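Student: I have a new structure open and I don't know where to start. Can you walk me through it?

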Amino acid sequence: MAGVTIIFDITQTQLSQMSGVPQGSISRFDKNSRHEAAHLFAIARALGVSIEALFIVEKTDAN
């Protein structure tokens, strides 16, 4: 989520206010692998992006 707040030039508090998602949940976003679906939809809607845009996809070599 740090990347999202940097790209949109907003703070976690501002994103919280825009989306209705608690700031603490936004703060923990990068540390958790599981996320509340309602939070994902709310954040994506507030930013005008797809849910997929909130994530960085890392490719790994499948040996």
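Student: Let's start with pockets. What volume does the largest pocket have?

Tutor: The largest pocket has a volume of about 260 Å³. A pocket is found on a 1 Å grid over the protein atoms alone, as an open set of points where a 1.4 Å probe fits, with protein on both sides within 12 Å along at least five of seven lines. Its volume is the space filled by probe spheres set on the points, which are joined across faces, edges and corners.

Student: Which residues are closest to its centre?

Tutor: Met1, Val4, Leu54, Phe55 and Ile56, out of 17 that line the pocket. A lining residue has an atom within 4 Å of a point.

Student: Which helix gives the most to that lining?

Tutor: Helix H1 (residues 2–7), with four residues. Helices are DSSP runs of H or I with at least four residues, strands are runs of E with at least two, and both are numbered from the N terminus.

Student: And what is the lining like by class?

Tutor: Twelve residues are nonpolar, four polar and one charged. Ala, Val, Leu, Ile, Met, Phe, Trp, Tyr, Cys and Pro count as nonpolar, Asp, Glu, Lys and Arg as charged, and the others, Gly among them, as polar.

Student: Before I go on, what kind of model is this?

Tutor: This is a predicted model: local features need pLDDT of at least 70, side-chain atom pairs count only at pLDDT 80 or more, and totals for chains, interfaces and linings use all residues. Residues are numbered from 1 along each chain as its sequence is written, and side-chain values use heavy atoms, with hydrogens and water left out.

Student: OK. How many helices and strands are in the chain?

Tutor: Four helices and zero strands. From the N terminus, the order is α-α-α-α. The C-alpha atoms fill a box of roughly 45 × 20 × 15 Å along the principal axes.

Student: How much of the chain is buried?

Tutor: Of its 63 residues, 27% count as buried. Buried means under 20% relative accessible area, exposed over 50%, and partly exposed in between, with a 1.4 Å probe and protein chains only.

Student: How many residues are in the largest nonpolar core?

Tutor: It has 13 residues, and Leu15, Ile26 and Leu54 are among those with the most contacts inside it. Helix H4 (residues 37–47) gives the largest share, five residues. Such a core is a set of buried Ala, Val, Leu, Ile, Met, Phe, Trp, Tyr and Cys residues joined through side-chain atoms within 4.5 Å.

Student: What does Leu54 touch, leaving aside neighbours within four places in sequence?

Tutor: Its contacts there include Val4, Phe29 and Leu47. Contact means heavy atoms within 4.5 Å.

Student: Switching topic. Is Ser19 buried or exposed?

Tutor: Ser19 counts as buried because its relative accessible area is 14%. Ser19 sits in helix H2 (residues 12–19). A polar atom of its side chain lies 2.8 Å from the backbone oxygen of Leu15. A polar contact is a pair of N or O atoms within 3.5 Å; within protein, one must be able to donate a hydrogen and the other to accept it, and residues adjacent in sequence count only if both atoms are side-chain atoms.

Student: And Ser16, what does its side chain reach?

Tutor: The backbone nitrogen of Gln23, at 3.4 Å. A polar atom of the Ser16 side chain also lies 2.6 Å from the backbone oxygen of Val21. Ser16 is in helix H2 too.

Student: Last one. Where does Asp9 lie?

Tutor: In the loop between H1 and H2. Asp9 has a positive phi of about 55°, although it is not a glycine. Asp9 counts as exposed because its relative accessibility is 69%.
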